[in-house]
Amino acid sequence: MKTLNPSDLGARAFYKYLNSAVAPRPIAFASTVDAAGNVNLSPFSFFNVMGIDPLILVFAPNRRGRDNTHKHTALNLMEVPEVVINMVSYDMVQQMSLSSAEFEKEVNEFEKAGFTMQPSELVKPPRVQESPAQFECRVLEIKEIGTMVLVIAEVLRGHFSESILDENGQIDQTKTDWVARLGGDWYARAHGPALFEVPRPQYGIGVNALPESVRNSKVLTGNDLGQLGSLTAFPTEEEIQIFGETEAMLTLREEARLGCQYLPDVLHAHAQHLLERGQVREALLTLLLGEG
Ligand SMILES: Cc1cc2nc3c(=O)[nH]c(=O)nc-3n(C[C@H](O)[C@H](O)[C@H](O)COP(=O)(O)O)c2cc1C
C-alpha cells in the first residue's frame, strides 16, 4: 500500500488521488440566475442526495483554484437562492462538458451548449428540457470552508421523463443512462452490463460464522463469502444430512472419488457455481458437506 499524508503532499496533489478514488460521482447540472435574470448552467460532481426529510441535495461550486474567486453559479445563488439540478444522461455528456468551459458571467451556457430552456414551475432558473430528471430547489444554506462552497438545497418539485419510468410510474433503473465523473477526464456510464443488483440483507449470520476452511478457501472469493454471510440462518445438522443424500450431491461425491479429486475442492467449486446462480443456501449446504 502507498500511504500519503496531505500535509506532506499538499492539498492539490492529494486531491488528484481523492478525485480518482472517490468515484464515480453523479453530476449536478445546475441552472441558476442572477438578480438581473442572466441564466447560468454548469456541471458539478461534488454532488449528492443527503437527506430525505427534508429532501436535500448538496453540491459544491468551489472557488477557482486559479485566483480564489467565486464561480458564477455560487455568485448567482448568493443573489437568487434557487437552483434547478438537472441529471445528466449519456446522450447529453458532450454538451454538458462544453457548458463547463469558462464563459463570461453574462453568457448563457444553455445557448453555448445547445440545450433548451424549459420554464420551471416554482423557481426562477429554467430547467434543461433534454434532462430526464430535473429538481427545482430552494437553497437553504451556503457553507464555506476554505475554498469549498457547499450549497445545501431543498427539493421542491421533481420532473421525470416518461422514457425512464416503468408501468407503475417508478424510475426503472434499466431505462436510465446516467453518467458520472471520475478522476481526470474519465467518466462512467451506469447502463447495460455495468448494472447489477445486490439484495440488501436484513440480517446475516456473518462471514465469521462460516467454518475456517470456507473462510480460507482457495476457490471462494470475498464476494462469495459476502453472499454466504448474508444468509439469515445457519443450516441445521438434519438439513445438512438430507442435502448430502440428494442425487446431485451423491453424484458429485462419486465423480470426485473416481477422478481422485480432493473432495473439499470439488465442493467449493460447485458451491461457487451455485452462488453464481443465486442459490446461496444450497451453496452453504454444499460447503458444509466438506466439513467433519
Ligand atoms: C463533469 C464536471 C464536473 C465538475 N464538478 C465541479 C465541482 O464539483 N465543483 C466545481 O467547483 N467545479 C466543477 N467543475 C468545473 C465547473 O463546471 C466549471 O468551473 C464551470 O466553468 C463553472 O461555471 P460557472 O463559473 O459558470 O459557475 C466540473 C466540471 C465538469 C465538466
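This report walks through the sheet, a helix pair and the ligand surroundings of a predicted model.

## The sheet as a whole

A good place to start is the open sheet, which is built from seven strands. Reading across, their order is β3-β2-β6-β9-β10-β5-β4, with antiparallel pairing. The edges are formed by β3 and β4, each of which pairs on one side only. From one strand to the next, the twist averages 35 degrees.

As background, the strands of a sheet are held in pairs by backbone hydrogen bonds, in either a parallel or an antiparallel sense.

## From the β3 edge inwards

At one edge, β2 (residues 28–33) and β3 run antiparallel and are joined by six bridges. If you would like a residue to look for here, S31 has L41 of β3 as its bridge partner.

Further along the order, β6 (residues 82–87) pairs with β9 (residues 133–145). The sense is again given as antiparallel, and five bridges connect the two strands. Within this pairing, I85 is found opposite F135 of β9.

## The β9–β10 hairpin

How many bridges join β9 to β10? There are twelve, and the two strands run antiparallel. One facing pair to pick out is E136, which stands opposite R157 in β10.

β9 and β10 make a hairpin with two residues between the strands. In this hairpin, G146 adopts a positive phi, near 55 degrees, which may be a handy spot to check on a backbone torsion plot.

## Towards the β4 edge

Strand β10 (residues 148–160) also pairs with β5, antiparallel and over four bridges. Here L57 sits opposite A153 of β10.

On the way to the other edge, β5 (residues 55–59) is joined to β4 (residues 47–52) by five bridges, and these strands run antiparallel. F47 and F59 are bridge partners, with F59 belonging to β5. β4 and β5 form a hairpin as well, with two residues between them.

## A helix across the sheet

Helix α3 lies across five strands, namely β2, β3, β6, β9 and β10. Relative to β2, α3 runs at about 50 degrees.

## The α10–α11 pair

Now to two helices, α10 (residues 263–276) and α11 (residues 280–288). Their axes come within 8 Å of each other and cross at roughly 175 degrees. Angles over 145 degrees count as roughly antiparallel, and α10 and α11 are therefore roughly antiparallel to each other.

Which residues make the contact? From α10 they are L267, H268, H270, A271, L274 and L275. On the α11 side, V280, E282, A283, T286 and L287 take part. Sorted by class, the contact of α10 with α11 has seven nonpolar, three polar and one charged residues.

## Around the ligand

The ligand has 17 residues around it. Those that come nearest are S42, F46, K71, H72 and T73. By class, the shell contains six nonpolar, eight polar and three charged residues.

Which elements each supply at least two residues of this shell? They are β3 (39–44) and α3 (72–79). The largest share, four residues, comes from β3. Both elements have already appeared above: β3 is an edge strand of the sheet, and α3 lies across β3 among other strands. For anyone inspecting the ligand site, β3 and α3 thus link the shell to the sheet described earlier.

Notes
Residues numbered from 1 in each chain as written. Predicted model: local features only at pLDDT ≥ 70, side-chain atom pairs only at ≥ 80, totals over all residues. Near = placed C-beta within 6 Å. Nonpolar A, V, L, I, M, F, W, Y, C, P; charged D, E, K, R; others polar. Pairing = 2+ DSSP bridges. Axes fitted to C-alpha atoms, helices over the stretch in contact; angles between N-to-C directions. Parallel < 35°, antiparallel > 145°, perpendicular 65-115°, else oblique. Contact = placed C-beta atoms within 7 Å.
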